[in-house]
Amino acid sequence: MQTILTGRSGQKYPFDQVNPSLPYNPVGAVYAFVNSDGWPKYIGKTNDLVVRNPGPSHEKWSEAAGFGATRVLAVVVPTE
C-alpha cells in the first residue's frame with residue numbers, strides 16, 4: 001500500500017507501508033511514523049534501515065505514538 005507524502009516544496013513522494021516486525025534490508029531510506037490518516041508525526045532518514053530499525057523500538061516511536069502515529073512508512077533513497 002502506497003501513501004503519498006508532500007514535502008515543503010510541494011514535491012510528492014510515494015512511501016510504502018512497512019511491517020516493522022519483519023527484517024529490514026540494509027538500504028538507505030527516509031521513513032515516517034504516521035497516523036491512521038497518513039499524517040506524519042515523525043520523519044527520519046538513515047543510511048541503513050537494519051541499523052536504524054524504525055518501529056516500536058525506535059527512540060522517537062513513543063513520542064510519535066503519543067501524537068497518534070500507528071504505522072511506519074518508508075521510501076528507499078540512494079546513499080553515498
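Two strands count as paired if DSSP finds at least two bridges between them. With that in hand, the sheet of this predicted model is a good place to start. Strand β3 and strand β5 run antiparallel to each other and are joined over six bridges. One of the contacts to look for involves Ala29, whose bridge partner in β5 is Val76. Strand β5, which spans residues 71–76, also pairs with strand β2, residues 12–18. That pairing is antiparallel too, and three bridges hold the count. Here Val18 is a handy landmark, with Val72 as its bridge partner in β5.

Next come the aromatic rings. Four aromatic pairs turn up in the structure. In one of them, Tyr31 and Phe33 have ring centres 5.8 Å apart and planes at 45 degrees; an angle that is neither under 30 nor over 60 degrees makes a pair tilted, so that is the label here. Tyr31 and Phe33 are both buried. Phe33 also pairs with Trp61, and this time the ring centres lie 4.9 Å apart. The planes of Phe33 and Trp61 stand at 80 degrees, and since over 60 degrees counts as edge-to-face, the pair gets that name. It's worth tracing where these two residues sit along the chain: Phe33 belongs to strand β3 (residues 29–34), while Trp61 belongs to helix α2 (residues 61–66). The two are 28 residues apart, so to speak from distant parts of the chain, and the pair links those parts. Like Phe33, Trp61 is buried. Step back a little and a single aromatic cluster comes into view, formed by Tyr31, Phe33, Tyr42 and Trp61.

Charged side chains make contacts as well, and the structure holds two salt bridges. In one, Glu59 meets Arg52, with N and O 2.7 Å apart. The two partners fall into separate exposure classes: Glu59 has a relative accessible area of 53%, and because exposed means over 50%, Glu59 is exposed. Arg52, at 26%, is partly exposed. In the other salt bridge, Lys60 joins up with Glu63, and their closest N and O atoms are 3.9 Å apart. The cut-off for a salt bridge is 4 Å, so this contact still makes the list. Lys60 has a relative accessible area of 31% and is partly exposed. Glu63 is partly exposed as well, with a relative accessibility of 47%.

Terms used:
Residues are numbered from 1 along each chain as its sequence is written. This is a predicted model: local features need pLDDT of at least 70, side-chain atom pairs count only at pLDDT 80 or more; totals for chains, interfaces and linings use all residues. Side-chain values use heavy atoms; hydrogens and water are left out. Rings of Phe, Tyr and Trp (its six-membered ring) pair if their centres lie within 6.5 Å; planes under 30 degrees apart count as stacked, over 60 as edge-to-face and the rest as tilted. Buried means under 20% relative accessible area, exposed over 50%, partly exposed in between (1.4 Å probe, protein chains only). Helices (H or I, at least four residues) and strands (E, at least two) are DSSP runs, numbered from the N terminus.
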